[in-house]
Amino acid sequence: MTENIEGAKFLDKTNNILLVSAGLLTIGLIAGGYLLGDGLLRSKMADRSVTVRGLAEREVTADLATWTIAYSAQSSNLQAAQADIDQDTAAIGKFFTELGFKADALKPTGANVNQYTSNGVPQYTIRQRLSLRTNDIEKAQAAVARQFDLVRRGVVLEDGSGMSYTFTKLDEIKPEMVAEATKDARKSAEQFAEDSGTDVGGIKSATQGYFSINSRDGDGGGYGVTDTPYKKVRVVTTVNFYLD
């Protein structure tokens, strides 16, 4: 009889242990499922983002002017052709001196001699190039506006002659323009978020585009056409924002 009582107590104790273990296991599964579900939800929320582009533009004035002057002289006598070239070079130097440029403002950048025969008579063509570099943009504009004065003085300007203006201070405005482009991108992201009932969070990733510098009014250089010192700097950034 005593053995039966003790056996029943042992079974009850064993059953209680099993019940407690099963309860703990159930609680663990529920907690694990909740944490897993919450983690997946957070992961899904973290993946919510929008990619937009931001634009920044700025009008600037060039700070460097470069004028390439290409001219030539032709004769059946090499010495005569050289004399003509020397005369043209002197005329060009005088032209720039009259405009207020220093004598060393002009630099030779190349010369060549071409010889051929026409009806048995040798012909010589001498081509020469001079270059003017200046940071005085107004003076450069005044000079190029009078370029046909050189033609009147007998200088034969060739294709390749022309003024080009360059903006060299891009690094000084890059940080501000990138900030402006990022701010513009955020505006687009905020509009998207408002339409979708969410809020814009931090930046997930960003890519800076190339800076481009073009003529402000679409003017271009070329033979008989001068470049413009008035430029437009442009940059486009691509930004990926988190959505909260």
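This is a short talk on the fold of one protein chain, going from the overall layout to a few single residues.

First, the ground rules. The model is predicted, so local features are taken at pLDDT of at least 70 and side-chain atom pairs at pLDDT 80 or more, while totals for chains, interfaces and linings use all residues. Residues are numbered from 1 along each chain as its sequence is written, and side-chain values use heavy atoms, with hydrogens and water left out.

Now the layout. The protein has five helices and eight strands. Helices here are DSSP runs of H or I with at least four residues, strands are runs of E with at least two, and both are numbered from the N terminus. Along the sequence the pattern reads α-β-β-α-β-β-α-α-β-α-β-β-β. Of the 244 residues, 31% are buried; buried means under 20% relative accessible area, exposed means over 50%, and partly exposed is in between, with a 1.4 Å probe and protein chains only. A contact means heavy atoms within 4.5 Å. Taking contacts between residues at least 6 apart in sequence, 77% join residues at least 24 apart.

Next, the open sheet. Its four strands come in the order 3-4-2-5, with antiparallel pairing. Strand 3 and strand 5 (162-166) are at the edges with a single partner strand each, so one side of each has no neighbour in the sheet. From one strand to the next the twist averages 15°. Two strands count as paired if DSSP finds at least two bridges between them. Strand 3 and strand 4 have twelve, in the antiparallel sense, and one of the pairs is Asn112 with Arg127 in strand 4.

The loop between strand 3 and strand 4 holds Asn119. Asn119 has a positive phi, near 55°, in a residue other than glycine. Asn119 is also exposed, at 79% relative accessible area.

Two helices lie over these strands. Helix 2 lies across strands 2, 3 and 4, at about 150° to strand 2. Helix 3 lies across strands 2, 4 and 5, at about 160° to strand 5. For these angles, axes are lines fitted to C-alpha atoms, for helices over the stretch in contact, and the angles run from 0 to 180 degrees between N-to-C directions.

Let me stay with helix 2, residues 78-98. Its 21 residues should span 30 Å at 1.5 Å a residue, and the end C-alpha atoms are 30 Å apart, which agrees. The expected span is 1.5 Å times one less than the number of residues.

Which residues of helix 2 are buried? They are Ala81, Ile85, Asp88, Ala91, Ile92, Phe95 and Phe96. They cover an arc of only 130° around the axis, which puts them on the same side of helix 2; the arc is that of the directions from the helix axis to the C-beta atoms. The general reason is that an α-helix has 3.6 residues a turn, so residues three or four places apart point the same way. On the other side of helix 2, Gln79, Gln87 and Lys94 are exposed. The cover over the buried residues includes strand 2 (64-75), strand 3 (106-118), strand 4 (121-134), helix 3 (137-145) and helix 4 (148-152).

As for the ends, Asn77 caps the N-terminal end of helix 2, with a side-chain oxygen 2.9 Å from the backbone nitrogen of Gln79. After helix 2 comes Gly100, with a positive phi near 100°.

One residue links this helix to the sheet. Gln128 is found in strand 4 and is buried, at 16% relative accessible area. Setting aside neighbours within four places in sequence, Gln128 has contacts that include Ile69, Tyr71, Ile85 and Thr89.

Last, strand 8, residues 230-243. Strand 8 runs antiparallel to strand 1 (residues 49-61), joined by 13 bridges. Strand 6 (residues 200-208) also pairs with strand 8 in the antiparallel sense, over six bridges, and so does strand 7 (residues 212-215), over four. Lys231 in strand 8 is the bridge partner of Val60 and also of Ser215. Thr207 stands opposite Thr238.

Thr237 sits in strand 8 too. Is Thr237 buried or exposed? Thr237 is buried, with a relative accessible area of 4%. Beyond residues up to four places away in sequence, Thr237 touches Val52, Arg53, Gly54, Ala181, Thr182, Thr207, Gln208 and Gly209.

Technical notes: A polar contact is a pair of N or O atoms within 3.5 Å; within protein, one must be able to donate a hydrogen and the other to accept it, and residues adjacent in sequence count only if both atoms are side-chain atoms.
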